[in-house]
Amino acid sequence: MSLILILLTVLLTFWQPHGLSSAVMTCVSAGLIILLAGFSHHAGWQLVAHIGWGVMGLIGIAGLVVLLLILNAPRLVVRKRERLTIGLLAGIWVWLILGIGWGYGLASGDFGESWWPWLTFIPAFSVYLGILFAASLVGYVRANIWRAHRADTILVLGAGLRHGNQIGRVLASRLDTALALARRQKSPVTIVVSGGQGPDETTTEAAAMTAYLVDHEWPSERILQETKATSTFTNLLNSQRLWAKLPQQGGRVVIVTNNYHLFRAEHLASQLGIRFGGYPAPTPGSYLPAAWAREFLAIIMLHPRLHRGVLIGMIAGNILWFLI
């Protein structure tokens, strides 16, 4: 059974490698493998179980760090134009406290005689979110391992400008990575820079990115600007219309963005039916935890109706279990 699950995990890893659903199935299959390995008396499977539980522990610690960042430093997590409402933060705190209470009630020995069983949907939905978090990490690893090396067109996704018109470290990393990739190609490459103008910016991100590339000796005639996008989705949608006008509709298109952001960009691109490769730019270590916390929130918001439906279904199932 474990061998079948391993083969299934490998299959799901290579099937739709840019998709969130594939990453979720990979995590579920891997979890079942770890669980079954734990019941085996074979030394090899016991080793698999120990390694698996160790990895799950590390994922749990990473999830806890992200949760603490969201709760205690929301201004570091969200951008200037976004915000986490007081109601949402309060709801997360209530959810966390009730979840801890449920665990304490289960450990106390009188769980069945208390009202805690009525709140079983809380840990159940928390496990669901934990699987999504693990899947996002799987997607992160996939996107950073399976990187493109050949490109005819490179799309650089924009990021917020410093002081209204200056390239920050994160965006500079994307542009430097794109330049290095472009200069390794044997044939001429077109670089598409994508990013509109935010409310606190005095120029478009695309214009600032173009100036940076020209300052670093990249020919201006091999740069295309997309100046209207305000999100990753519109970055991709609008830029696709630009490279579609190039010879061979852009040829081999490679998306360059920071390593923490690449999985979501690839997921959105696959939903748009864009054929592409991806290439990750490095992110300063001090910036990565807050960036990943923001990225996970963005991944959750890719399918809000699905998550609400799952939560409502769990609440209904919890209630029906006790009524019936």
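Colleague: What makes α5 roughly perpendicular to α6?

Modeller: In this predicted model, helix α5 (residues 86–108) and helix α6 (residues 121–145) pack at an angle of about 115°, with their axes 9 Å apart. Angles of 65 to 115 degrees count as roughly perpendicular, so α5 gets that label against α6. The crossing itself is left-handed.

Colleague: Which residues make that contact?

Modeller: From α5 you have Trp95, Leu98, Gly99 and Trp102, and from α6 Phe121, Ile122, Pro123, Phe125 and Ser126.

Colleague: And how do they divide into nonpolar, polar and charged?

Modeller: They split into 7 nonpolar and 2 polar, with no charged residue. Gly counts as polar here, so Gly99 of α5 goes into the polar class.

Colleague: Staying with α6, why is α6 called roughly antiparallel to α12?

Modeller: The axes of α6 and helix α12 (residues 304–323) cross at roughly 150° and come within 9 Å. Anything over 145 degrees counts as roughly antiparallel, so that is what α6 is to α12. This crossing is right-handed.

Colleague: What does each helix bring to the contact of α6 and α12?

Modeller: α6 uses Phe121, Ala124, Phe125, Tyr128 and Leu132. Facing them, α12 offers Leu306, His307, Val310, Leu311, Met314, Ile315 and Asn318. By class that is 10 nonpolar, 2 polar and no charged.

Colleague: Why are α9 and α10 called oblique to each other?

Modeller: Helix α9 (residues 232–243) and helix α10 (residues 259–271) have axes that cross at roughly 50° and come within 10 Å. Roughly parallel needs an angle under 35 degrees, and roughly perpendicular starts at 65. The pair fits neither, and is therefore oblique. Its crossing is right-handed.

Colleague: Which residues meet there?

Modeller: Thr232, Phe233 and Leu236 in α9 meet His261, Arg264, Ala265, Leu268 and Ala269 in α10. That contact has 5 nonpolar, 2 polar and 1 charged residues. Arg counts as charged, so Arg264 of α10 belongs in that class.

Colleague: On to the sheet. What makes β3 and β5 edge strands?

Modeller: The sheet is open, with 5 strands in the order β3-β2-β1-β4-β5 and parallel pairing. β3 and β5 (277–281) each have a single partner strand, so one side of each lacks a neighbour in the sheet. From one strand to the next, the twist averages 25°.

Colleague: How do you know that β2 and β3 pair?

Modeller: Pairing takes at least two bridges, and strand β2 (residues 190–194) has 4 bridges with strand β3 (residues 223–226), in the parallel sense. One of the partnerships is Ile191 with Ile223 in β3. Between these strands the chain goes through helix α8 (residues 205–215), and this β-α-β crossover is right-handed.

Colleague: Which strands does α7 touch?

Modeller: Helix α7 (residues 169–183) packs on the sheet against β1 (153–157), β2, β4 (253–258) and β5, and its direction makes about 150° with that of β4.

Colleague: Where does α10 lie?

Modeller: α10 lies across β1, β4 and β5, running at about 140° to β4.

Notes: Residues numbered from 1 in each chain as written. Predicted model: local features only at pLDDT ≥ 70, side-chain atom pairs only at ≥ 80, totals over all residues. Heavy atoms only, no water. Axes fitted to C-alpha atoms, helices over the stretch in contact; angles between N-to-C directions. Helix = DSSP H or I, 4+ residues; strand = E, 2+ residues; numbered from the N terminus. Left-handed = near helix turned anticlockwise from the far one by under 90°. Contact = heavy atoms within 4.5 Å. Right-handed = clockwise from strand over helix to strand, strands pointing away.
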